[in-house]
Amino acid sequence: MIDHFPESSLLISKEDLIPYSFDATATFYHAPLAVLFPSSIEDILWVLQWAKSNHACILPRGSGTSLSGAAVPQKNSIVLSMTKWNKILEADPYNLTLLVEPGITTQAVQEEAAKFSLFYPPDPGSYKISTIGGNVGHNSGGIRGLKYGVTRNYVLGMEVVLPNGQVIWLGNKCVKDSAGYSLKDLFIGSEGTLGIVTKVLLRLIPKPQERQVILASFPTLEVASEATSAIIKAALIPSALEFLDQKTIECIESYSPAGFPKESQAVLLIESDGHPQAVRDEITRISQVLKQYGPLEIRIAENPKQQEQLWSARKVAFSALARKAPTVLLEDVTVPRSSLAQMIRKIQQISKAYAVEIAVYAHMGDGNLHPVFLGDEKNKDLMERVFRAMKEIFLYAIKLGGTITGEHGVGLAKKEFLAYQYKSEEFQLLKNIKKILDPENLLNPGKIFD
Ligand SMILES: Cc1cc2nc3c(=O)[nH]c(=O)nc-3n(C[C@H](O)[C@H](O)[C@H](O)COP(=O)(O)OP(=O)(O)OC[C@H]3O[C@@H](n4cnc5c(N)ncnc54)[C@H](O)[C@@H]3O)c2cc1C
């Protein structure tokens, strides 16, 4: 391999490999054999062949912000870093599409869309650095998932290099397509285990004309959860409906103060967007529902600057909590929205039962909760309790009809729990798909399942 690639495309020294030995998930670490920055499809095909002949495997990687260990190398892995494939290949205002390379950041896509007064809604908290390839890999969501959906809803097509060396194009610019199985959808959320994504065709939508943000604070977590369920029951679908508990609010306020009420147990941050009159109506109706749940305060952001301040503060929730303990694990369960209060209550009970500090923030309108476990890798007893508490939360979410992951994927971190969510025949079907596409287990092995 050293003979085939220039020094600038290959990392092999122990020190250079360190940043590619982990992702944003605590507790997982493994150094790769090498890191390769391919400059062409031919490079990718060459390295696939090399891996086959040398009993190695390949981990496609974006920015490594995965929160499920999906971008952590396993034994004999070559990391294929796609970050230099970051160009916009075509903007098509007639079809409202953008063709991009997978290493482009989510933020750069949003900025490009804005140049045409268009909008790319998926917005993971990591949007400034996460790549579209990684977003596709995890079918990433974000704050606007409630109204606008997730990455899958904006991918119209993609070019993929299969483990057998075939280069295929899936999808097209059409708004409708009923021709056979939707193969592109198989690759969205496949965590680099089925193919290497080399181009992505994205759908853009018109930019909403106006937005307004409400902050509502509550005396208990449960009441805030019930208010959320009531908003959904009233068939109100704002563009964002976020939840922060007191621990998260305190951390944010000491990290990047934004005026969140520190004394309240829970805050809902709600955004309505669209036509100005529709936004006004929606805000009025949401406020009416909120008032029925005894809020301590309802505040409407007065101007775009205040709105931005609140959202920027919300987006640093994980970074702010990460300062609170030596090892911080962010989880991602999702439940039907009618069960939010039950799930929140259970998390509080589990936190007490296992004597583990758990903060919670959530894409509440999606039913997607992020319990954040404050641990310490050096304290074995504490970490054992953390993992037992985590397992109990996963099992309870499944019992409520939920899922172990709403947006972060399975990776290494949750593969142990996937079989609890699927019946054995369904689980076997997942494994069969991997076997058909990657019989030699070349791509990101050990992720999703063993
Ligand atoms: C502070 C913070 C906030 C976050 N907030 C959110 C959030 O709000 N919502 C959310 O959904 N996630 C969130 N995440 C998780 C993470 O940022 C997303 O999963 C993101 O999409 C990962 O992008 P990446 O470029 O870092 O991908 P990586 O971590 O490098 O890779 C992720 C997966 O995609 C695969 N992959 C990457 N590129 C390719 C490719 N070209 N071809 C095939 N497979 C590929 C990898 O193999 C891996 O399995 C957050 C993470 C952090 C650290």
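A disulfide is taken here as a pair of cysteine sulfur atoms within 2.5 Å. A search of the whole structure, which is a predicted model, finds 0 disulfides. Residues are numbered from 1 along each chain as its sequence is written, and side-chain values use heavy atoms, with hydrogens and water left out. As this is a predicted model, local features need pLDDT of at least 70 and side-chain atom pairs count only at pLDDT 80 or more, while totals for chains, interfaces and linings use all residues.

Two cysteines can be placed by their accessibility, with buried meaning under 20% relative accessible area, exposed over 50% and partly exposed in between (1.4 Å probe, protein chains only). C174 counts as partly exposed because its relative accessibility is 43%. C251, in turn, counts as buried because its value is 6%.

We now come to the ligand. It is surrounded by 37 residues (a residue is near a molecule if one of its heavy atoms lies within 4 Å of it), and the closest are P60, T65, S126, T131 and S140. Sorted by class, this shell holds 12 nonpolar, 22 polar and 3 charged residues; Ala, Val, Leu, Ile, Met, Phe, Trp, Tyr, Cys and Pro count as nonpolar, Asp, Glu, Lys and Arg as charged, and the others, Gly among them, as polar. Strand 3 (57–61), helix 4 (132–138) and strand 10 (196–203) each supply at least two residues of the shell, and helix 4 gives the largest share, 5 residues. These elements are DSSP runs numbered from the N terminus, with helices (H or I) of at least four residues and strands (E) of at least two.

Oxygen atoms of the ligand lie 2.6 Å from a side-chain N or O atom of T65 and 2.7 Å from one of T131. At G141, a backbone N or O atom is 2.9 Å from an oxygen atom of the ligand. The protein covers 94% of the 980 Å² of accessible area that the ligand has on its own (Shrake-Rupley method, 1.4 Å probe).

Strand 3 has 5 of its 5 residues buried. In a regular strand the side chains alternate between the two faces of the sheet. Here C57, L59 and R61 are buried on one side, and I58 and P60 on the other. Strand 3 pairs with strand 4 (residues 77–81) in the parallel sense over 5 bridges, pairing requiring at least two DSSP bridges. The bridge partner of P60 in strand 4 is L80.

T198 lies in strand 10 and is buried, with a relative accessible area of 1%.

How values were computed: A polar contact is a pair of N or O atoms within 3.5 Å; within protein, one must be able to donate a hydrogen and the other to accept it, and residues adjacent in sequence count only if both atoms are side-chain atoms.
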